[in-house]
Amino acid sequence: MRIAVVGSGYVGLVSGACLADFGHTVICIDKDAGKIERLEQGIMPIFEPGLAELVAKNRRDNRLFFSTDLEASVKGVEAVFIAVGTPSRRGDGHADLQYVFDATREIARALDGPCVVITKSTVPVGTGDEVERILKEERPELEVSVVSNPEFLREGAAINDFKRPDRIVVGAEDQRGRDVLAAIYRPLYLNQAPLVFTGRRTSELIKYAANAFLATKITFINEMADLCEAVGANVQEVARGIGLDNRIGSKFLHAGPGYGGSCFPKDTLALIRTANDHAVPLSIVESVVTANDKRKRAMARRVITALDGNVRGKTIAILGLTFKPNTDDMRDAPSIAVIQALQDAGARIRAYDPEGVEQARHVLTGIDYAPSALACLDGADAACIITEWDEFRALDLKDIARRLGAPILIDLRNIFRPEEATAAGLAYSSIGRWAAGARDAASLSAAPPPLGAPLAATKKPGA
Ligand SMILES: NC(=O)c1ccc[n+]([C@@H]2O[C@H](COP(=O)([O-])OP(=O)(O)OC[C@H]3O[C@@H](n4cnc5c(N)ncnc54)[C@H](O)[C@@H]3O)[C@@H](O)[C@H]2O)c1
């Protein structure tokens, strides 16, 4: 099948490369000429494991092409995916659909035959109807089906997620739309990936419901972590204890500094706006958004507490900036709020991230970037792990303690064991864990607080 993908960002580029790998002929389009130029030179504009190899292979086999020229590229294609950004609209949190509608108009003008237009971008309920309206308005004579096919891939594992999805959701209002999507995904379908056919509006809502549910799960375990700290329990064991229940599941139960990234923050907000517009209260999602926003800055307070309440003039080594490992994406990363709050309190920030520094330079100011994790630690007054890159897990705890000016480690991702960190000479603070024999950086005693003791009288680790 001949397919065009409009927007060659994280989703468009990965989708295009994977669809080409299924055997389709794919042209990926982007307005950003620099991006397309780099892609033509074999340079990936994003960091995504395995992507460079996949793109190279499919270009070699003449199945994958790049262009800035939308008009020429969509001629003769059977399907066009729209994979442009849908960021939060400034001011009100609604999804900003200008890129989707602009792309739709351009597609409408360029099409020269029957086609299926597929929204892969995350778009609010009813957007497919508007895309269809625009197409019909611009080109009433054309035979076009509009289908919703939301994407569930995770950055950092995007290729595997695209090729081995838990499900493929297809929201179509006509048989042609369903048939074309079934043909596109035939290789996955043969591989037993469930295709969920539904109406277009339902499909659009499935994507938001999925992200809101996952954000809720993260926020739930984060609040449980705070409770663990107050009552002397261990959140990792609570997560395991509940996650083994199949009705709950173990994924997305890792306590940390709050969710971030290019999807959860904007999608939860957009879902709330949609619900408000329809006078439907979404009180759970609203609470999740509020709790998560507060949490990010609260993480900075943990660092400040670990340094006895004063970070003015002190150097904090930040390990990890991206919103999660194996990506260079800094959009809404928790590190931004944590670092800004520390800077507000007078701290100097030295940071290291294996892939995120280039993007971080656009969103953070006044930071010294270190060339390696070890160089970042040298002489700092404390270290704080914000993103759980594997290379941080491999660091030697004794080495960390030796290199730091003051051996204080705040681990917002629980990548180390408290007893081992303590044994290495670190004043160690993590999320939601009491450990027998471990002395947390901010705790006075290793013993859990007595049950029933007034909370104010007990000092929480890292609180
Ligand atoms: N990033 C993810 O992990 C992820 C996962 C699932 C769904 N999504 C959704 O997918 C969509 C795209 O996200 P992304 O992270 O890939 O965004 P992105 O910002 O990385 O990429 C979007 C690209 O579209 C291009 N573009 C915009 N308008 C264009 C036009 N008219 N013609 C050609 N190119 C145009 C931009 O230049 C940019 O390169 C969003 O709706 C997002 O919510 C993202």
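Which backbone oxygen does the side chain of N58 reach, and at what separation? In this predicted model, the side chain of N58 comes to 2.9 Å from the backbone oxygen of L54. N58 itself belongs to helix α3, which covers residues 51–60. With a relative accessible area of 0%, N58 counts as buried, because the cut-off for that class is under 20%. Apart from neighbours within four places in sequence, the contacts of N58 are A17, A20, D21, R63 and L64.

**Nonpolar cores**

In soluble globular proteins, the side chains of nonpolar residues tend to be buried together. In the present model, the largest nonpolar core comprises 41 residues, and L51, I184 and Y185 have the most contacts inside it. Helix α1, residues 10–21, is the element that gives the most to this core, contributing 7 residues. I184 touches M1, I3, L19, F22, H24, A79, F81 and I118, when residues up to four places away in sequence are not counted. A second core, separate from the largest one, holds 40 residues, including I27, V74, I82 and V144.

**Ligand surroundings**

The ligand is surrounded by 24 residues, of which D30, K35, T86, E155 and K266 are the closest. By class, this shell consists of 8 nonpolar, 7 polar and 9 charged residues. Three polar contacts with the ligand are set out below.

| Residue | Protein atom | Ligand atom | Distance |
|---|---|---|---|
| K31 | backbone N or O | nitrogen | 3.2 Å |
| T122 | backbone N or O | oxygen | 2.9 Å |
| K266 | polar side-chain atom | oxygen | 2.6 Å |

Taken alone, the ligand exposes 830 Å², and the protein buries 90% of that area. Two elements, α1 and α5 (98–110), give two or more residues to the shell around the ligand. Helix α1 is thus named in two settings: it gives the most residues to the largest nonpolar core, and it also takes part in the ligand shell.

**A buried alanine in strand β12**

A383 is located in strand β12, residues 382–385. Is this alanine buried or exposed? A383 is buried, because its relative accessible area of 0% falls under the 20% limit. Once neighbours within four places in sequence are set aside, A383 is in contact with A317, L377, L404, I408, L409 and I410. A383 and D96 are separated by 287 residues in sequence and by 38 Å in space, from C-alpha to C-alpha.

**Positive phi angles in two loops**

Where does A279 lie? A279 is placed in the loop between α12 (264–277) and α13 (283–306). Its phi is near 55°, a positive value in a residue other than glycine. A279 counts as exposed because its relative accessibility of 68% is over the 50% threshold.

D332 likewise has a phi near 55°, positive although the residue is not glycine. The loop that holds D332 runs between β9 (315–319) and α14 (334–344). At 41% relative accessibility, D332 is classed as partly exposed, because this value lies between the 20% and 50% limits.

Methods. Residues are numbered from 1 along each chain as its sequence is written. This is a predicted model: local features need pLDDT of at least 70, side-chain atom pairs count only at pLDDT 80 or more; totals for chains, interfaces and linings use all residues. Side-chain values use heavy atoms; hydrogens and water are left out. A nonpolar core is a set of buried Ala, Val, Leu, Ile, Met, Phe, Trp, Tyr and Cys residues joined through side-chain atoms within 4.5 Å. Buried means under 20% relative accessible area, exposed over 50%, partly exposed in between (1.4 Å probe, protein chains only). Helices (H or I, at least four residues) and strands (E, at least two) are DSSP runs, numbered from the N terminus. Contact means heavy atoms within 4.5 Å. A residue is near a molecule or strand if one of its heavy atoms lies within 4 Å of it. A polar contact is a pair of N or O atoms within 3.5 Å; within protein, one must be able to donate a hydrogen and the other to accept it, and residues adjacent in sequence count only if both atoms are side-chain atoms. Accessible areas come from the Shrake-Rupley method with a 1.4 Å probe; for residues, only the protein chains shown count as cover. Ala, Val, Leu, Ile, Met, Phe, Trp, Tyr, Cys and Pro count as nonpolar, Asp, Glu, Lys and Arg as charged, and the others, Gly among them, as polar.
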